Amino acid sequence: MKLLIRFTGYEQFCAGKDVASCTAVTEKLADHKVFSVLDYANEHAKSTADYEHNTAVVLETIAAAKRTSAYPFAVVKPSAIGSFELFHKKAAGHKLSPSKQLIWTAMQQRFEQLAKAAKQAAIVLMIDAEESWIQDGVDMLVLPLLRKYNSDKVVVALTIQLYLKDRNVLYKSLLKDADEKGYVLGVKLVRGAYMEKERSRAAALKISSPVCDAKDQTDSQYKGALQHALKNLNRHFCIVATHNQSNINWVVDYCSQANISLGNANLWFSQLYGMRDYISFSLAEQNANVFKYVPFGPLEQAVPYLIRRALENSAMKSQTLQECLMLKKELKKRKLNG
Ligand SMILES: Cc1cc2nc3c(=O)[nH]c(=O)nc-3n(C[C@H](O)[C@H](O)[C@H](O)COP(=O)(O)OP(=O)(O)OC[C@H]3O[C@@H](n4cnc5c(N)ncnc54)[C@H](O)[C@@H]3O)c2cc1C
């Protein structure tokens, strides 16, 4: 078992098997003014029992957030608390049978339950984004929550994947909707983690891939989204969720030129636990709001998450040396500062 744990990178990317066992990691991060969100790494949900179990675990993370200021967010993956198949059916515009409609209503209630608990705990509930072909179905449950709960401050934040070709058009229309209806738009901006899956599905279905054809297109879309976000910070809320150093430098420079405090309550930075830690620490030192996604869960359940992280890290091999050097520098600095 120990070998398996080492082989999968469990200890590098996961903080523990349950909410309580994450404290050792999150307290260390909090010592350096880096906040955490406890992210239940369970990607196997298939049945109502699974969805209910996962909802209960997210509620547990919200209860933990009530006890400590170290957790200003909670997070949920839509497919962990609702049927992937039904999200897909709704996204494709299919009408549900009466029995499926009951399941859909139960999914809606779970989202509502989490949003309500987040409001009571005065934290932000982030909704992760997954495969593009379920996203419209997810939005049918999530957008009404933003309109209902974000009337004066952000309670629910959705995720925009900028590797999808049409997402800045969507982002602009969401900003417009929020302004017209008078709610705070909360977004987490990511590039997107399902590129291979999106491409192979598109190839299999002989449709054009929804993902940008090249990395520099994704990069320019991400930059465009950052621009929308920063221009709207006086009213709307944004999480810059990336490990990309040049994006982060760009945001920091923009803020300094536009006289926006890095501690602006509507601006947060986020990285995954075990990845680019020096970026998170350095942002916290500059008084920026920053938190780590801290995954937890039993090893067997965390495997798909760990595989995605391993793939991503191997894609970033060229950056590994840079990371080592930065970490070395960070450690040296910490030693010098006592
Ligand atoms: C806090 C946090 C929360 C996250 N939440 C989510 C989430 O809810 N949903 C989700 O899908 N992902 C999520 N991610 C993962 C994210 O989408 C990226 O996979 C990951 O962060 C790597 O992108 P980057 O911006 O950090 O780095 P970079 O190294 O600059 O970008 C890598 C990314 O660029 C894109 N890319 C790479 N090559 C190409 C290519 N040839 N053509 C087009 N695009 C390309 C891919 O999206 C790839 O992941 C999250 C990441 C963080 C840090």
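This report describes the ligand site, the nonpolar cores and several individual residues of a predicted model.

**The ligand and its shell**

The ligand is surrounded by 27 residues, of which Arg-191, Gly-192, Thr-218, Thr-242 and His-243 are the closest. Sorted by class, this shell holds 11 nonpolar, nine polar and seven charged residues. Five elements each supply at least two residues of the shell, namely strand 4 (156–161), strand 5 (186–190), helix 10 (195–205), helix 11 (215–231) and strand 7 (267–272). Strand 7 gives the largest share, which amounts to three residues. Three polar approaches between ligand and protein are listed in the table below, two of them to side chains and one to the backbone.

| Ligand atom | Protein partner | Distance |
|---|---|---|
| oxygen | N or O atom in the side chain of Asp-128 | 3.2 Å |
| nitrogen | polar backbone atom of Ala-129 | 2.8 Å |
| oxygen | N or O atom in the side chain of Gln-161 | 2.9 Å |

Taken alone, the ligand would expose 930 Å², and the protein buries 88% of that area.

**Nonpolar cores**

The largest nonpolar core comprises 81 residues, and within it Val-156, Tyr-171, Leu-185, Leu-189 and Phe-269 have the most contacts. Helix 8 (residues 132–149) contributes the largest share of this core, with nine residues. Apart from this core lies another one of 25 residues, which includes Cys-14, Val-75, Val-154 and Leu-299.

For Phe-269, one of the core residues with the most contacts, the partners beyond four places in sequence are Val-240, Ile-248, Val-251, Leu-262, Leu-283, Ala-288, Asn-289, Val-290 and Phe-291. Among these partners, Leu-283 is also one of the buried residues of helix 13 (residues 277–285), together with Tyr-278, Ile-279, Ser-280, Phe-281 and Ala-284.

**Positive phi angles**

Just after helix 13, Asn-287 takes a positive phi of about 65°, although this residue is not a glycine. Asn-287 is placed in the loop that runs between helix 13 and strand 8 (290–296). Lys-33 is likewise not a glycine and has a positive phi of about 60°; its place is the loop between helix 3 (23–31) and strand 1 (35–40). With a relative accessibility of 45%, Lys-33 counts as partly exposed, because this value falls between the limits of 20% and 50%.

**Two helix residues with opposite exposure**

Asp-177 belongs to helix 9 (residues 167–181). Asp-177 is classed as buried because its relative accessible area of 12% is under 20%. The side chain of Asp-177 is joined to that of Lys-181 by a polar contact of 2.4 Å. When residues up to four places away in sequence are not counted, Asp-177 touches Arg-147, Gly-182 and Tyr-183.

Pro-98, by contrast, is exposed, because its relative accessibility of 70% is over 50%. This proline is found in helix 7 (residues 98–121). From Pro-98 to Phe-111 there are 13 residues in sequence, and the separation in space, C-alpha to C-alpha, is 20 Å.

Key. Residues numbered from 1 in each chain as written. Predicted model: local features only at pLDDT ≥ 70, side-chain atom pairs only at ≥ 80, totals over all residues. Heavy atoms only, no water. Near = heavy atom within 4 Å. Polar contact = N/O pair within 3.5 Å; in protein donor to acceptor, adjacent residues only side chain to side chain. Areas by Shrake-Rupley, 256 points an atom, 1.4 Å probe, with all protein chains shown as cover. Helix = DSSP H or I, 4+ residues; strand = E, 2+ residues; numbered from the N terminus. Nonpolar A, V, L, I, M, F, W, Y, C, P; charged D, E, K, R; others polar. Buried < 20%, exposed > 50% of the residue type's maximum accessible area, 1.4 Å probe, protein only. Core = buried A, V, L, I, M, F, W, Y, C linked by side-chain atoms within 4.5 Å. Contact = heavy atoms within 4.5 Å.
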